[in-house]
Structure formats: C-alpha cells, structure tokens
Amino acid sequence: MAKLLMFLTFVILSFAFTCTAKVYTVGDSSGWDISTDLDSWDNDKRFVVGDVLLFQYSSTHTVDEVRREDYQGCNTTNVLQSSSNGNTSVALTAPGDRYFVCGNKLHCLGGMKLHVIVESDQAAASPASAPQTESGGAFPTPSSKSNNPSAANSAMSIHAGPEYLFLAFMGFMATLSWVVWI
Ligand SMILES: *[C@@H]1O[C@H](CO)[C@@H](O)[C@H](O)[C@H]1NC(C)=O
Ligand SMILES: *[C@@H]1O[C@H](CO)[C@@H](O)[C@H](O)[C@H]1NC(C)=O
Ligand SMILES: [Cu+2]
C-alpha cells in the first residue's frame, strides 16, 4: 500500500511538472525566417523537457535537425529529421542540445539556425546545475549569451517556489502513509 502511494505521488509529481510545459513559437511573430534574429530570440528562455518548439515559415525554408558537428558549417548531407510543411512542431522530449538549421545552406550560413539547450525538470530544483557549460567550447558563443545564467536563475527561483511547496507536501503525505501502513 505504501509503495502504491509512493508510486501515485511520483505520478502526480510528474504530471505537475508536465503541466508547466510551454509551446515556443520560434522567432515569435517573425517566425523561422532569414530576417529573424534567432540568435537573440532564445537568450531569455529556458527550455525544459516537455516544452515544444513551433517553427512557422514560408515554402522557401525547411527545418532540418542536425548533429552538433554539422551545425556550424550548415552541413545538411545527413539530417536527423527534416520538415518543410511550414508549421513544424518539435517536442523537446529529452535533456540535451538540439540543433536546427534551414535546409537552404545560404540561409543557414546567414544565421537561420537555432541551438537550444533542453534542461531536465530536476534542474529547476537545483540551481547548482545551471547551464554554464552550454556549448562546451566547440564553437564560439555570442557574448550576449553570458547574460543568461543570472536571468535564468532569477526566473528559476520564482518558477520553483510553488513546486517546492508541492514537493514538500507530497513528501509529507508519502511519509505519513508509510508510517501509517508499516
Ligand atoms: C557533410 O557531412 C558528411 C557526412 O555526414 C560528410 O561526408 C561531408 O564531407 C560533409 N561536408 C562538408 C562540406 O563538411
Ligand atoms: C500549427 O501547428 C500547431 C501545433 O501543432 C497548431 O496548433 C496550429 O493550429 C497549426 N497552425 C496552422 C496554421 O496549421
Ligand atoms: Cu531558409
């Protein structure tokens, strides 16, 4: 019985976290376009598992997901996935780095590319794992990105508040049920 309650607690907690999932329209109203400043678009954003990227674009573009080593040179010889329907949703299902480029190499070299770092949900509860090591030094990060950690941290503490309370409450309930049933 206690194990069942623990399990239910876990399920409810997971559900509570997924409820905070967001859909981000890439480039906001400018969309996925050569004229959009995609490099600064993600500066003030934190992506967590469960969030969704929505790419909206005209028929002259595509969304190609590529590997890290193909991102800088806009190499789309071997893409992980490609879409050209003008309205592409990409679910961020796991922590890690995701790299997207336009399949038109000139557009990509002109800046039509996007790198996002997806954090696990637990990262919200442990600011110690802030995404300082984001690009591992393999290619240069724009200096504007160095503003990120402080912004992310302040957003993080606001974000984590109710979840801590909820977590504490569920932990209390789980302990209570354990004491009662054992
Ligand atoms: C692009 O990647 C492929 C392998 O995925 C490689 O064979 C090719 O040489 C690369 N092209 C350039 C220009 O680096
Ligand atoms: C684009 O995709 C999103 C999510 O899949 C959907 O909600 C929206 O209605 C779509 N918009 C158009 C114009 O098809
Ligand atoms: Cu393009």
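The shell around ligand 1 is a good place to start: its residues divide into no nonpolar, four polar and one charged. Please keep in mind that this is a predicted model. The chain has 182 residues, of which 18% count as buried, and it holds five helices and eight strands. Below is a tour from the ligand to the sheet, the core and two residues that help tie the picture together.

**Around the ligand**
- The residues found around ligand 1 are D70, G73, N75, T77 and N78.
- Sorted by character, this shell has four polar members, one charged member and no nonpolar ones.

**The chain as a whole**
- Following the sequence from its start, you meet helices and strands in the pattern α-β-α-β-β-β-α-β-β-β-α-β-α.
- Among contacts with a separation of 6 or more, 72% join residues that are 24 or more positions apart.

**The sheet**
- Five strands form an open sheet with mixed pairing, in the order β2-β8-β7-β4-β5.
- At its edges are β2 (47–48) and β5 (81–83), each of which pairs on one side only.
- As general background, strands of a sheet pair through backbone hydrogen bonds, either parallel or antiparallel.
- Strand β7 (residues 96–101) and strand β8 (residues 113–119) run antiparallel and are joined by six bridges.
- Two positions let you follow that pairing: G96 stands opposite V118 in β8, and R98 stands opposite V116 in β8.
- β7 also pairs with β4, again in the antiparallel sense, over three bridges.
- Here V66 has Y99 of β7 as its bridge partner.

**The nonpolar core**
- In soluble globular proteins, nonpolar side chains tend to be buried together.
- In this model the largest nonpolar core has 20 residues, and the ones with the most contacts inside it are V26, W32, F55, V101, C108, M112 and L114.
- The elements giving two or more residues to this core are β3 (52–56), β4 (63–66), β7 and β8.
- Of these, β8 gives the most, with three residues.
- V101 has a long contact list: beyond four places in sequence, V101 touches D64, V66, Y71, C74, T76, C108, M112 and K113.
- Two of those partners, C108 and M112, are also among the core residues with the most contacts.

**R98, a charged residue in β7**
- Is R98 buried or exposed? R98 is buried, because 20 other C-beta atoms lie within 10 Å, and 20 or more is the cut-off for that label.
- R98 lies in strand β7, and its contacts outside its neighbours within four places in sequence are E65, L92, V116 and V118.
- V116 therefore appears twice for R98, as a contact and as the residue opposite in β8, given that contact means C-beta atoms within 7 Å.
- L114 is 16 residues from R98 in sequence, while their C-alpha atoms are 8.2 Å apart in space.

**D42, in a loop before β2**
- D42 sits in the loop between α2 (38–41) and β2.
- D42 counts as partly exposed because it has 19 C-beta neighbours inside 10 Å, whereas the buried label needs 20 or more.
- Setting aside residues up to four places away in sequence, D42 touches L114 and V116.
- L114 is also one of the core residues with the most contacts, and V116 is also a contact of R98.
- D42 and V26 are 16 residues apart along the chain, with 8.5 Å between their C-alpha atoms.

How values were computed
Residues numbered from 1 in each chain as written. Chains lettered and ligands numbered in written order. Predicted model: local features only at pLDDT ≥ 70, side-chain atom pairs only at ≥ 80, totals over all residues. Near = placed C-beta within 6 Å. Nonpolar A, V, L, I, M, F, W, Y, C, P; charged D, E, K, R; others polar. Pairing = 2+ DSSP bridges. Helix = DSSP H or I, 4+ residues; strand = E, 2+ residues; numbered from the N terminus. Buried ≥ 20, exposed ≤ 12 C-beta atoms within 10 Å, placed from the backbone. Contact = placed C-beta atoms within 7 Å. Core = buried A, V, L, I, M, F, W, Y, C linked by C-beta atoms within 7 Å.
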